[in-house]
Amino acid sequence: MSSVPRSIALIDCNNFYVSCERVFRPDLLTRPVIVLSGNDGCIISRSNEAKALGIRMGAPLFQMQELIQGHDVTIFSSNHVLYADMSNRVMSTLQKFSPVREIYSIDEIFLDLSGFADINSYAATLRHQVIRDTAIPVCAGIAPTKTLAKLANLMAKRHPRSTGVFNLNNLTEKQINSVLSHIPINEIWGIGRQLTASLNLSGIYTAAQLRDAPASTMRQRFGVITEKTIRELRGECCIELGETTPARQQILNSRSFGSTVTDIADLQDAIIHFVSHVAKKCRDQHSVASILQIFIQTDRFRTDRPQYCPSISIPLTTPSANTITLGKLALQGLDSIYQTGYHYKRAGVILSEISHAAQSQGDLFAADTSKPELMKTLDALNRRYGKGTVTLGQEGAQHAWQTRQENKSPEYSTNWDQLPVCR
DNA sequence: TCTCCGATTAGAC
DNA sequence: CTAACGGTCTAATCGGAGA
């Protein structure tokens, strides 16, 4: 009994961050545009025109400076509030198209379209709906497994005059072979730099070659992930759709500083900021953490200066998500790892061993009682009047460690005060 | 020798 | 003028400590 293959669709926004900026700057629709990472450091999104100029993904901005200046490239700092809001809009449109779905990242969603009638035109409809609702362009790849759907999406994006939909289930075996033999393995989901290098050494260069390699021996040499990838390339489902977003197991907040800091007071200020942020995220998912980690780092690229990257892991006797409790411990931890005389470039805070607040061990007998009501009030005020309305004493307004963001667009879709027309 | 656990590595986006 | 290289997260794997 040969069963009909599943139709798993991967819908992926085109050049997502750039597309978000273009929604509010239609004058840039045909121009080279890039979006930078935090601190305006690396290039993390490029328009097709920027890609065509040879501007590399992930490259540090200063290395691409020549290309950029010669071609009037428009540069944006990251505007995460804008991207998160646009993502919510895109996802709420797309979720209506299948009851079985998984939001995989800020700009991607898997939809199970198995058994649907006329899948190709359904996918075309969904693309147009997203454009109408949000002005963000998306492409759809359809295949029997997630890994193949990823590749199908790649094909949909790559084919210049394609309709933005590519369905591997419509192809003959011969056509599939042809497609896979033209895709280098580094473009496969789950095959990164290291695996590409070692697989190449064994003579495997294309998706077709990887698919046809013996699965069990490959598992021994290259690990389980490679084996699953091989099976998925054959059309065998090994990675199911995860329909519920599980609570975070780890919550991290870290920053590279705009310039180096030497004073512990500046680090304290930064750490308190990070603690507030992670504690809030933890409370938002109704969790508490059992381990609090603090780290500070010197600039790893300044090899001419002494390096010092200490960290400390602080176990909590009572799991907590309380900013005050965690803040005190964090500052003690910082004290114990800080050394004078270094130029610190980055710091961060990690919450781990996270469990659900209600079922946390010892909760009944030893709850974290340091002003839990204060946390609720603080969260409520910030919800009501906007983020940053009420902060703890040490979260000042001026920060020596603040990141550079020289080309940030307004939060068009979420903040009236930032709309030029409302000034 | 086995098992457990924290640290490290690899990958995604 | 010079210096300039992200932030969050998961899962697999490694390797040492202790049983």
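Helix H6 (146-158) supplies seven residues to the lining of the second largest pocket, the largest share of any element. This is a predicted model, in which local features need pLDDT of at least 70 and side-chain atom pairs count only at pLDDT 80 or more, while totals for chains, interfaces and linings use all residues. Residues are numbered from 1 along each chain as its sequence is written, chains are lettered from A and ligands numbered from 1 in the order in which they are written, and side-chain values use heavy atoms, with hydrogens and water left out.

**The second largest pocket**

Let us stay with that pocket for a moment. It holds about 1,300 Å³ of space, a volume being the space filled by probe spheres set on grid points that are joined across faces, edges and corners. Its lining has 40 residues, and those closest to the centre are Cys-13, Asn-14, Asn-15, Lys-51 and Lys-157. Besides H6, the elements that give two or more residues to this lining include strand S1 (8-13), helix H1 (16-23) and helix H5 (119-134). By class, the lining divides into 18 nonpolar, 10 polar and 12 charged residues. A pocket here is an open set of points on a 1 Å grid over the protein atoms alone, where a 1.4 Å probe fits, with protein on both sides within 12 Å along at least five of seven lines; lining residues have an atom within 4 Å of a point. Helices (H or I, at least four residues) and strands (E, at least two) are DSSP runs, numbered from the N terminus.

**DNA strand C**

Next come the two DNA strands, where a residue is near a strand if one of its heavy atoms lies within 4 Å of it. There are 24 residues around DNA strand C, and Ser-37, Leu-252, Asn-253, Ser-254 and Arg-255 come nearest. Sugar and phosphate make up 72% of the atoms of this strand that come within 4 Å of the protein. Strand S9 (251-261) gives six residues, the largest share of the surface near DNA strand C. That surface has eight nonpolar, nine polar and seven charged residues.

**DNA strand B**

Around DNA strand B there are 13 residues, the closest being Lys-150, Gly-190, Ile-191, Gln-194 and Leu-195. For this strand, sugar or phosphate accounts for 100% of the atoms within 4 Å of the protein. Helix H8 (193-201) gives the most to this surface, with three residues.

The table lists polar contacts to both strands (pairs of N or O atoms within 3.5 Å).

| Residue | Protein atom | DNA atom | Distance |
|---|---|---|---|
| Ser-37 | polar side-chain atom | sugar or linking oxygen, strand C | 2.7 Å |
| Gln-249 | backbone N or O atom | phosphate oxygen, strand C | 3.0 Å |
| Arg-300 | side-chain N or O atom | phosphate oxygen, strand C | 3.2 Å |
| Gly-190 | polar backbone atom | phosphate oxygen, strand B | 2.6 Å |
| Gly-192 | polar backbone atom | phosphate oxygen, strand B | 3.4 Å |
| Arg-193 | backbone N or O atom | phosphate oxygen, strand B | 3.4 Å |

**Two residues with positive phi**

Finally, a look at the backbone. Asp-40 is not a glycine, yet has a positive phi of about 50°; it sits in the loop between strand S2 (33-36) and strand S3 (43-46). Asp-40 counts as buried, at 12% relative accessibility. His-286 also has a positive phi, near 55°, and lies in the loop between helix H12 (264-284) and strand S10 (287-298). His-286 is exposed, with a relative accessible area of 53%. Buried means under 20% relative accessible area and exposed over 50%, with partly exposed in between (1.4 Å probe, protein chains only).

Key: Polar contact = N/O pair within 3.5 Å; in protein donor to acceptor, adjacent residues only side chain to side chain. Nonpolar A, V, L, I, M, F, W, Y, C, P; charged D, E, K, R; others polar.
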